[in-house]
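Here is a set of short exercises to work through with the model open beside you. Try each task before you read its solution.

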Amino acid sequence: MSGPARGAVTTSVAVYSLAHFAVDFSCAFLMFSRVFGTDRWLMAMLIYNFCAFALQLPIGMLADRLGRNPYMAAAGTILTGAAMALGGLPLAVIAGIGNALFHVGAGVDVMRMSGKKCAPLGVFVSPGAFGIYFGTILGKSGGLRDAPLVIGLAAFAIVMFAFGLTRFTSCEPPRDRAAGGRNTALLCLLLVAVVCIRSYAGFGFSFPWKSGAPFGVLAICAVACGKAAGGFLSDRFGARAASVYTLAAAAVLFLFAGHAAAGLAAIFLFNMTMPITLKGVADLFPGEDGFAFGLLTFGLFLGFLPVFFGWDTGLGAQVTSFLCAAASLPLMFFGLEKEKC
Amino acid sequence: MLTAFAVSLGLTLLIELDAALVYGVRSRFDLLITCLVNVITNPLAVLAYLLLRRYTGLGPWAIKLPVEALVLLSETLLFRRYAETVKKPLLYAAVLNTASFLIGEVINRLN
């Protein structure tokens, strides 16, 4: 299979990206409008994150076998919509599983369509941050009804189902990738460690200026734009160079993150490695993109745990985020040993 | 005391390894040499600083600057002798030590 035409790739990535926003928005909205504030909130949060992140590993392995990624993404959106009929822990479980199914299905499809490029992956992953942010805000305020969400999710599910029908099968994994070789496990471990660190940083750090109205939105823009820009930068300058220089700049800027401008720039640069790690791990496991995707989201779950259990370095947000960026740099450098991204 | 040594060495290794990668060093051997050189010089520098602070009436900067100069000199000599791909050992040592010194100062002020 020579791979889909460029226009088809652009359309698919655009639809998947919008659906990504819708799914993450819906999940955050549901969790914060239905479960937040109840006595089971913490347990529901843990279960939701387990289902949404950790379950992507087995689901990813299943996706590699089935090879019907658009259908899996469509099923995920339907399940997320169905969670609106529930409440409490069942909602957390169903929304989490729906989220996991969508991410694996859509993510693997985008990964396979993008071939050797990182940019489509960066574009696909970036709207999730907006979805979670706005879903959380609207969920807490109770300022939205469920109907538009259900209709929106159903529309996306239909489009993704159509992707599956028109393509008949999902995109085949690229054949020209070389396996990671003897060091695969070690390289993979290094890249997963970067994801754990980024997840911990993303969940945990709160700079004082982030609570202000314009800067909170700007911080989310920095996260989303950073993820998207990372893919383009990697395609232009190479994964290693993009990672080393952006993380070094992010580390230094984090030390001055008490000032909003420096903090925003640091967040933007720090998030650039997101699609690079994704592509880096996928390249280590040719033909097993679902497994690679799931492995990294398992890393996201591991990074969430210290935040959930209240583990704090005691060094303050600036120094801790500096350490996160500084530690990620050599991990990325050595993890991307066989640079193909 | 041991914690201070460990934190200083860990932070220095992290910062100087990052700085080496930004500087453009790609040889694994040279990156290893960079770490080993710091394992030698950093604890000695910290020890010298702590002892001089305790037993002389000198201010912190009056001790830091000569100690850093000695570190720079010794690291330059070690890089010149052992590093394989580093073309300008003095510049390399100066970049790495300036990075770790400045970042260390900022971190000290933040805590």
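**Exercise 1. Find what covers helix H3 of chain B, and work out how the helix sits in its chain.**

Step 1. Start with the cover: helix H2 (28-55) and helix H4 (89-110) of chain B are among what covers the buried residues of H3(B). Helices here are DSSP runs of H or I with at least four residues, strands are runs of E with at least two, and both are numbered from the N terminus.

Step 2. Now pick out residues under that cover: B:Val71, B:Glu75 and B:Phe79 are buried in H3(B). A residue counts as buried if 20 or more other C-beta atoms lie within 10 Å of its own, as exposed if 12 or fewer do, and as partly exposed in between, with C-beta atoms placed from the backbone. An α-helix has 3.6 residues a turn, so residues three or four places apart point the same way.

Step 3. Check the length of the helix. H3(B) covers residues 60-82, 23 residues in all, and runs 32 Å from its first C-alpha to its last, close to the 33 Å expected at 1.5 Å a residue. The expected span is 1.5 Å times one less than the number of residues.

Before going on, a word on what you're looking at. This is a predicted model, where local features need pLDDT of at least 70, side-chain atom pairs count only at pLDDT 80 or more, and totals for chains, interfaces and linings use all residues. Residues are numbered from 1 along each chain as its sequence is written, while chains are lettered from A and ligands numbered from 1 in the order in which they are written.

**Exercise 2. Describe the overall build of chain B.**

Step 1. Count the elements: chain B has four helices and zero strands, in the order α-α-α-α from the N terminus on.

Step 2. Look at the dimensions. The C-alpha atoms of chain B fill a box of roughly 40 × 25 × 20 Å along the principal axes. A compact globule of 111 residues would have a radius of gyration near 13 Å, and the 14 Å of chain B agrees with that. That radius is taken over C-alpha atoms, and the globule rule is 2.2 Å times the number of residues to the power 0.38.

Step 3. Look inside: 26% of the 111 residues in chain B are buried.

**Exercise 3. Which elements of chain A give two or more residues to the side that touches chain B?**

Step 1. Size up the contact: chain A brings 14 residues and chain B brings eleven residues. Two residues are in contact if their C-beta atoms, placed from the backbone, lie within 7 Å.

Step 2. Name the elements: they are helix H11 (239-255) and helix H15 (316-335) of chain A. H15(A) gives the most, with eight residues.

Step 3. Sort this side of chain A by class: twelve residues are nonpolar, two are polar and none is charged. Nonpolar means Ala, Val, Leu, Ile, Met, Phe, Trp, Tyr, Cys and Pro, charged means Asp, Glu, Lys and Arg, and the others, Gly among them, are polar.

**Exercise 4. Trace how the two domains of chain A meet.**

Step 1. Set the bounds: domain 1 is 6-167 and domain 2 is 181-335, as given by an automatic or database domain assignment.

Step 2. Their centres, taken over C-alpha atoms, are 21 Å apart, and 31 residues of domain 1 of chain A are in contact with 31 residues of domain 2 of chain A. On the domain 1 side, H3(A) gives the most, with eight residues.

Step 3. Zoom in on A:Phe53, which is in helix H2 of chain A. A:Phe53 counts as buried because it has 24 C-beta neighbours inside 10 Å. Its contacts beyond four places in sequence include A:Phe298 and A:Phe301. The C-alpha atoms of A:Phe53 and A:Phe298 are 5.6 Å apart, although their positions lie 245 residues apart along the chain.

**Exercise 5. Is helix H5 of chain A enclosed or open?**

Step 1. Count: 22 of the 26 residues of H5(A) are buried, so the helix is largely enclosed by the rest of the structure.

Step 2. Find what follows: after H5(A) comes A:Gly115, with a positive phi near 60°.

**Exercise 6. Judge the confidence.**

Step 1. Mean pLDDT, the predictor's confidence in each residue from 0 to 100, is 93 for chain B and 87 for chain A.

Step 2. Among the elements of chain A, H8(A) has the lowest mean at 75 and H11(A) the highest at 95.
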